[in-house]
Amino acid sequence: MAQTAVDTPSPAKLEVSDEVAIQISNMNKWYGTFHVLRDIDLTVYRGERIVIAGPSGSGKSTLIRCINALEEHQRGRIEVDGTVLSSDIKNIDTIRSEVGMVFQHFNLFPHLTILENCTLAPIWVRKTPKHEAEKTAMHFLEKVKIPEQADKYPGQLSGGQQQRVAIARSLCMKPRIMLFDEPTSALDPEMIKEVLDTMVELAEEGMTMICVTHEMGFARQVANRVIFMDQGQIVEQNEPEEFFNNPQNPRTKLFLSQILGH
Amino acid sequence: MSDLHAHSVAYVRESMLDQQPPPATETGVVKWMRSNLFSTIPNAILTLLALWALWSLLSGVAPWLLNGIWTAPSLSACREILDGATGGCFSVLTERWNQLLFGFQYPSELYWRPTLAFVLLFVAIAPVLFFNTFPRRMLIFTAIYPFLAYWLIWGGSILVPLLAAVGLVAGYFVYARFVAQSFAMGFFGGIVAAFVVWWITGFLPVEGILALTPVESRNMGGFMLNLILGSVCVSLSIPFGIALALGRQSRMPIIKWICVVFIEFIRGVPLITLLFVANVVLAYFLPPGTNFDLILRVIIMITMFASAYIAEVIRGGLAALPKGQYEAADSLGLDYPQAMRLIILPQALKISIPGIVNVAVGLFKDTTLVSVISMFDLVGMIRGPILASTEWNGVYWELLGFAALLFFVTCYGISQYSQWLERQLNTDRR
């Protein structure tokens, strides 16, 4: 398997520490008899911004969903923030509260207001006092530029606004790592930009991010490493410049020619 | 059409038209009748037929209602007064009013106690039903109410319901103490603690302290019995139904199979069978000498029956939620009880409201089935002591119509409330 691994990225636009945030070694996952993830090895350093690309069905979403144990892996080892992921529920809940996740379909809680969506987890998981949680929530809602929507319900917001609320909701838990699972795939074109702007801003503040996305412009702008997956394997990873201008693996070349070709 | 040149494309309007009222045939009663009653010839015929049916129904029922006799002491006296004219003998309702409401054995000087309990019922459920209108502090009374109502209706020493409450409180404290470590530990610890308290306090001498005249279960009857069974069983079967529905979804195979077997078995058995079991068979399984109250046995059976149905309704609500809601709750680090209580159940229950109300209304009417195991609820009273008496032998329409009216009013109220509740909870506006 041609794996031109560049585990220690060369100087990027933003400094990356050499502290390890996520270490995945030799990880395998099956759905029944179908081998979805095969021998995944990946080290993510604190402050890194990684974009995972690849054709649909290549296992990109499954990979990041394994990191916060939304999916179980059957073999191999995942270490998040110094905690090894085991099947122990307490252990999983600890990791989940440190790792924020943004979904393709937002998954806001429709029966709660925007503010309640943001304060729920801090109040119940972190046991933050209510007024303090609300202050934090308003801070992050201002950051994603929709503080005026705080008392509305998710159903009253546009898709782009909902996705920004979803980002704010994750940030309210003060996560050390953020996972984005195709955050703009369900959005209308004019709303994609407002969500990407929020993500760029987050990246510039040094958040450790792993994004599954088809937004190659975003990858060029903020990623310091692009990973290409196909058939459940990491096929190629490199800095964005090299990845886009000089892809090595034929599968990568084919993929890039298909998505950049028009 | 003077301002329109037929053959030129260019067109400039010179004066704007004023608004005009629509033609008379398009407004008011005429329009409504034309479009709704007489739009086509078949519709007109159907309208006339419906009017005729309505007329013949009313002309039969109205004299019976308006000409009714409310003051005769017996059916024969009533027929004498009517002297061949059409009219209902509603005097059976006034004569036997207390029997219809309280049964024929409840001491008449104590009628104020169940009446008071009935009035207080509204105070107790108001903060639950209208959670936005009433202060949350009223929920304290709601928590006290079941014990108070028991004391009022059954009488006896106040220590009995008080100690029952103490057991529950002890169970709750044990639960709260251990739930942080493990939900199962808290849950079962709480149950054990409650039973230990009840067992110990069972030895206390309770007679005579703040005692009301005791009334035995077999003396309960009339619509009061239907209300007791209905309200207790509905309020118990909702939490049990939720637990069963969640249990059926559990990843733990033993819990899952216990719930599946329970639900499928109870749903597959007629309620009457369960009531006969409660009445007769259950006694064989209990240690000899235990006096297990008949109403309590019936409550257990009806609750089991209703909770199996409610569990299936709620399972439908749970299945209707997108998987993303579970994942979002998980990804924020909420544990299972939190995710269920804060995210999943509020949404699933909202979806399930029509189904739950359907079961609740059906259950409330099914409480009349206890008449077949010789309990004298409203229908039991009518079929038994009242119709069998020499004075009122043969007054079917008036009595059963009254029973139907009572049940209709109650069930229609429940149904209207549930529609209001659905509108209240409609926040997602999808």
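I call a residue buried under 20% relative accessible area, exposed over 50%, and partly exposed in between (1.4 Å probe, protein chains only). By that scale A:D230 is buried, at 13% relative accessibility.

**Setup.** I am working on a predicted model, where local features need pLDDT of at least 70, side-chain atom pairs count only at pLDDT 80 or more, and totals for chains, interfaces and linings use all residues. Residues are numbered from 1 along each chain as its sequence is written, chains are lettered from A and ligands numbered from 1 in the order in which they are written, and side-chain values use heavy atoms, with hydrogens and water left out.

**Interface of chain B and chain A.** I looked up the contacts first (heavy atoms within 4.5 Å). On chain B, 24 residues touch 26 residues of chain A. Next I took the buried area, meaning the accessible area (1.4 Å probe) that two parts lose on being put together, summed over both. The value is about 2,100 Å², and carbon and sulfur atoms give 60% of it.

I then counted polar contacts: pairs of N or O atoms within 3.5 Å; within protein, one must be able to donate a hydrogen and the other to accept it, and residues adjacent in sequence count only if both atoms are side-chain atoms. Six residue pairs pass across this interface, both residues at pLDDT 80 or more. Which elements of chain B give two or more residues to its side? They are helix 14 (323-331) and helix 15 (336-366). Helices here are DSSP runs (H or I, at least four residues), strands likewise (E, at least two), numbered from the N terminus. Helix 14 gives the largest share, eight residues.

**Salt bridges.** My rule is a side-chain nitrogen of Lys or Arg within 4 Å of a carboxyl oxygen of Asp or Glu. Over all chains I get 23. Between chain B and chain A there is one. It joins A:R65 to B:E327, at 2.6 Å from N to O. Both residues sit in a salt-bridge network with A:K29, A:E71 and B:K323.

**A:R169.** I went to helix 5 (residues 159-171) of chain A for this one. A:R169 is buried but has no salt bridge. Its nearest side chain of opposite charge (Lys and Arg positive, Asp and Glu negative; His and the chain ends not counted) is B:E327, 9.7 Å away. The side chain of A:R169 does reach the backbone oxygen of A:N107, at 3.0 Å. Beyond four places in sequence, A:R169 touches residues of both chains, including A:F106, A:C118, B:A328 and B:L332.

**A:Q162.** This residue is also in helix 5. I find A:Q162 buried, at 15% relative accessibility. A polar atom of its side chain lies 3.3 Å from the backbone oxygen of A:L157.

**A:D81.** Which arginines pair with A:D81? A:R46 does, at 2.5 Å from N to O. The two are 35 residues apart, with A:R46 in the loop between strand 2 (34-45) and strand 3 (49-53). A:R176 does too, at 2.8 Å. That partner is 95 residues away, in the loop between helix 5 and strand 7 (177-181). A:D81 is partly exposed at 24%, A:R46 is buried at 14%, and A:R176 is partly exposed at 38%.

**Back to A:D230.** A:D230 forms a salt bridge with A:R251, closest N and O atoms 3.0 Å apart. A:R251 lies in helix 9 (residues 250-260) and A:D230 in strand 9 (residues 225-230), so the pair ties together parts 21 residues apart in sequence. A:R251 is partly exposed, at 39%.
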